Amino acid sequence: MAGQPQEADVLRTMLNRPEYRKALVFCGLIGIPVALIAFWFLVTVNKLERLIWQEWPKDLGWKQAPWWWALPLLTVAGLVVGLVVARFPGRGGHLPAGGLHAGGLSKEALPGVVVAAMAGLPLGVVLGPEAPLIALGGGLALLLGSLVRAPQTEASRGLLGAAGSAAAISTLFGNPLVGAVLLMEVAGVGGPQLFAVMLPALLASGVGDMIFTGFVHWTGFQTGSLDIGLPEPPPLDWPDVLWALALTPVIAFAVHWIFVGGRFTAGFVTTHTLRNTALCGIGVAVCLTLYALTTGRSPAEAALSGESALSELAKDPHAWPVGALVAVLVFKSLAYALCLGSLRGGPVFPSLFLGGAAGVLLAPLPGLGLVPAMAVGMAASLTAALRVPVSSVVLVVLLLGNVDTVALVVLAAVLSFVVVEMLPQGPAIPPFSEPASGRARRPASKRP
């Protein structure tokens with residue numbers, strides 16, 4: 001208790017410093033151009049994806065993209081990204097097999113980040129735009145700071161980079177809370193000690209919510225509520241909890257080994273960057289082609305980040321037969337592992353899609369149901385991919401829009417985090433994936 005007044009005094013002193021208040025205002029102002037540029041970046045990627053994978057096949061007379069459609073596209077993507085990684089400052093951004101990163105890139109890396117993202121994401125790379133957005137936002141903030149001759153100390157650069165990244169990532173998730181929480185966890189503020197305190201608190205809060213929800217449902221008594229009148233979701237039941245305990249380790253185990261496969265792929269790419277990146281692009285195309293040939297469906301369902309496909313899956317899960325769900329889980333996982341170790345993008349949305357697809361596949365289990373199954377699958381998969389349990393909970397709850405599943409999401413996230421931390425981590429990320437500044441990164445066996 002004696003330390004609390006001292007900490008409060010330190011905070012008060014910092015807030016009273018004119019240079020800190022100026023930095024705070026400047027970061028707020030920087031958020032305006034960064035958010036606008038990030039918005040148009042996302043719009044461009046989305047429009048190109050629709051043009052290439054939906055409109056062009058129809059314009060050429062096909063009902064959907066033909067089975068071979070991915071082969072030329074991913075070959076081009078692999079070649080261009082390989083050139084960027086081999087020749088551009090910053091190597092096109094961080095390697096996604098190492099998870100999300102909140103820093104380490106400079107304003108000189110911006111062209112490579114943009115080229116690698118624009119050459120890969122619309123052409124079918126199984127990655128999302130969140131990592132390029134973080135790099136783009138941080139780099140733009142540093143560039144704007146240098147243009148207005150802002151102080152160039154290490155602390156000010158870190159503050160500017162974090163502010164720019166937060167502004168950019170919030171445009172993707174449409175929620176400032178998700179962006180702020182995600183970047184705090186990704187930055188690792190507090191280190192392992194933070195997780196040692198946070199995990200028990202997160203788990204206890206989830207169990208408390210579960211018990212509270214159960215007693216309200218079983219007894220009929222009310223204690224007051226923040227409910228604003230939305231339709232009541234299906235009540236949480238004990239089979240949901242038992243299935244969450246059984247399925248979470250399986251899903252976390254599978255996603256973890258996808259990332260281990262990505263790290264082995266990264267080692268393969270290191271031996272000859274341009275050639276092997278192109279080969280990985282062709283390998284991704286083969287996976288998408290096999291999905292299309294196996295199911296008779298569009299290769300676009302297994303390509304790209306999975307953001308739009310996840311929405312379609314949630315709205316009409318019956319449109320996906322069991323064979324198609326199994327096939328998309330197998331071939332998209334293989335393509336994801338190749339992309340994680342060779343191309344550029346973010347790991348968030350592919351892991352969400354894989355977790356959601358696994359949930360739809362497992363939903364018919366006795367006593368489970370679609371919404372709880374998707375909640376458990378997405379939380380377990382995203383936490384295993386990113387190792388950020390709080391951000392995973394916030395993002396999955398936001399996507400589901402179902403308050404009654406929060407306890408399941410918390411349970412799955414905590415259990416998934418514990419499982420993957422106890423598993424062998426595989427090889428370290430090879431040196432070629434370090435930023436151009438030469439700043440060393442922690443090995444992949446540590447928390448990102």
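Visitor: Is Leu 60 buried or exposed?
Guide: This is a predicted model: local features need a pLDDT (the predictor's confidence in each residue, from 0 to 100) of at least 70, side-chain atom pairs need 80 or more, and totals for chains, interfaces and linings use all residues. Numbering starts from 1 along each chain as its sequence is written, and side-chain values use heavy atoms, with hydrogens and water left out. Buried means under 20% relative accessible area, exposed over 50%, and partly exposed in between (1.4 Å probe, protein chains only). With Leu 60 at 58% relative accessibility, the call is therefore exposed.

Visitor: Leu 60 is in a loop, but between which helices?
Guide: Helices here are DSSP runs (H or I, at least four residues), numbered from the N terminus. One covers 18-59 and the other 70-87, and Leu 60 sits in the loop between them. That makes the pair H2 and H3.

Visitor: Leu 60 is in a nonpolar surface patch, so what area does that patch have?
Guide: Patch members have over 30% relative accessible area and no salt bridge (Lys or Arg side-chain nitrogen within 4 Å of an Asp or Glu carboxyl oxygen), with nonpolar side chains joined within 5 Å. Leu 60 shares this one with residues including Trp 62, Trp 68, Phe 268 and Leu 293. By the Shrake-Rupley method with a 1.4 Å probe, the patch comes to about 920 Å².

Visitor: Which helix gives the largest share of that patch?
Guide: The share in question is 5 residues. They come from the helix at residues 273-295, H10.

Visitor: How are the rings of Phe 39 and Trp 40 arranged?
Guide: Rings of Phe, Tyr and Trp (its six-membered ring) pair if their centres lie within 6.5 Å; planes under 30 degrees apart are stacked, over 60 edge-to-face, the rest tilted. The structure holds 7 such pairs. Phe 39 and Trp 40 have ring centres 5.1 Å apart and planes at 75°, so this pair is edge-to-face.

Visitor: And what is the angle between the planes of Trp 62 and Trp 68?
Guide: Trp 62 is partly exposed at 34%, and Trp 68 is partly exposed at 32%. Their rings form an edge-to-face pair, 5.6 Å centre to centre, with the planes at 80°.

Visitor: Which residue joins Trp 62 and Trp 68 in one aromatic cluster?
Guide: Both patch members named here are tryptophans, Trp 62 and Trp 68. The cluster they form takes in one other residue, Trp 69.

Conventions
Patches are made of residues with over 30% relative accessible area and no salt bridge: like charges are joined within 9 Å, nonpolar side chains (Val, Leu, Ile, Met, Phe, Trp, Tyr) within 5 Å. Helices (H or I, at least four residues) and strands (E, at least two) are DSSP runs, numbered from the N terminus.
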